[in-house]
Amino acid sequence: MSDAAISIHNVSKTYAGTKNNPPNLALDDVSLDIPRGKIFGLLGPNGAGKSTLINILSGLVNKSAGHASIWGFDIDRDPRNAKASIGIVPQEVMFDPFFTPLETLELQAGLFGVPKAMRRSVELLEAVHLADKANAYARTLSGGMKRRLMVAKAMVHSPPILVLDEPTAGVDIDLRQQLWRYVRGLNDAGVTIVLTTHYLEEAEELCDRIAIINHGRVIADKTTHELVSMASEKLIVLTLDRDMDDIPDNPLFNKVERIAPRALEITYDKDKANAGKIMSVMREAGFDIEDVSTREADLEDVFLGLTRDAA
Ligand code: ADP
Ligand code: MG
């Protein structure tokens with residue numbers, strides 16, 4: 001038995017074609033072990049297959065091949081226990097507009113067979129800052145409130161794993177921060193968190209480990225630290241003593257951009273050059289350097305490099 005929170009082995013999914021669309025291979029032999037107790041990010045551009053993978057775990061989509069288990073329970077052989085071990089916040093917000101948030105949570109708890117005495121609907125509403133909306137119709141909630149209600153709904157049965165599919169798409173900055181505080185708190189309390197996102201910064205800020213998925217394939221699966229240090233490019237910004245007529249060029253430069261009349265942003269390979277070398281190239285070209293700053297490559301650089309290579 002796997003001690004991973006979620007274990008995915010050789011999972012593929014082909015959506016059947018229609019009259020106007022050919023069959024679509026949305027997942028292509030995906031294998032992933034999502035460790036317990038961590039915040040795990042599934043990062044990829046739109047259409048990469050993230051929701052398809054999440055929907056397979058939740059039982060909404062049938063996979064075409066492969067195996068998956070949740071908290072050690074095979075999703076095909078032991079679907080009840082698998083489902084009880086996971087709470088999923090789907091990408092699309094959906095609930096009955098005529099139920100109140102409190103009713104929505106009570107109903108969901110009933111579906112999961114949570115005994116009355118064990119329910120914690122009010123506590124959950126408080127946790128997602130919706131206590132004052134407990135008795136309002138769901139249709140009167142704002143988009144952000146609905147999103148938070150979805151999170152509470154996913155937690156009614158106290159699963160050890162919470163999955164959030166693009167949780168901050170369309171959520172404003174303040175609510176995003178609130179949501180992350182809550183999610184981090186759950187993680188501190190031992191809940192394994194899986195989130196999908198196409199925001200690199202979000203993944204970099206929150207996740208301990210990140211898998212990158214592109215065109216249905218996993219192209220990286222590493223700790224956030226390892227991924228970031230994979231970046232081979234570095235960036236230096238030089239402010240020169242005078243305006244440039246032409247943008248200088250040199251074989252050591254991967255990319256040069258004039259970001260102000262006297263400022264150049266130069267990208268170089270850290271295996272081939274360093275900041276000192278770049279600056280002496282510029283001095284030899286007749287410029288004095290008045291200011292300099294460098295930036296480490298971030299996840300975006302890695303992401304772009306990987307998705308370019310795998311395209
Ligand atoms: P992501 O969540 O990463 O944006 P999805 O899993 O939603 O990606 O989609 C992956 C691919 O599968 C896309 O090409 C998408 O058009 C296709 N797809 C998703 N859902 C369906 C469906 N129900 N029927 C047919 N194709 C689908
Ligand atoms: Mg999606």
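Buried area is the accessible area, with a 1.4 Å probe, that two parts lose on being put together, summed over both. I had that term in mind when I opened this predicted model.

**Entry 1: domains**

I looked up the division of the protein chain and found domain 1 at 4–228 and domain 2 at 231–309. Taken over C-alpha atoms, the centres of domain 1 and domain 2 are separated by 40 Å.

I then looked at where the domains meet. On the domain 1 side I have 13 residues in contact with nine residues of domain 2. For the area buried between domain 1 and domain 2 I noted about 910 Å², with 78% of it on carbon and sulfur atoms. I also checked which three residues of domain 1 supply more than any other three of the area it buries against domain 2. They are Leu 200, Leu 227 and Val 228, which supply 49% of that area.

**Entry 2: helices H3 and H5**

I next turned to helix H3, residues 101–111, and helix H5, residues 143–154. Their packing angle is about 25°, and their axes are 9 Å apart. Angles under 35 degrees count as roughly parallel, so I entered H3 and H5 as roughly parallel to each other. The crossing in which H3 passes H5 is right-handed.

I listed the residues that make this contact. H3 contributes Pro 101, Thr 104, Leu 105 and Gln 108, while H5 contributes Leu 149, Ala 152 and Lys 153. Sorting the residues of the contact of H3 with H5 by character, I wrote down four nonpolar, two polar and one charged.

Definitions and conventions: Residues numbered from 1 in each chain as written. Chains lettered and ligands numbered in written order. Predicted model: local features only at pLDDT ≥ 70, side-chain atom pairs only at ≥ 80, totals over all residues. Heavy atoms only, no water. Axes fitted to C-alpha atoms, helices over the stretch in contact; angles between N-to-C directions. Helix = DSSP H or I, 4+ residues; strand = E, 2+ residues; numbered from the N terminus. Parallel < 35°, antiparallel > 145°, perpendicular 65-115°, else oblique. Left-handed = near helix turned anticlockwise from the far one by under 90°. Contact = heavy atoms within 4.5 Å. Nonpolar A, V, L, I, M, F, W, Y, C, P; charged D, E, K, R; others polar. Domains from an automatic or database assignment.
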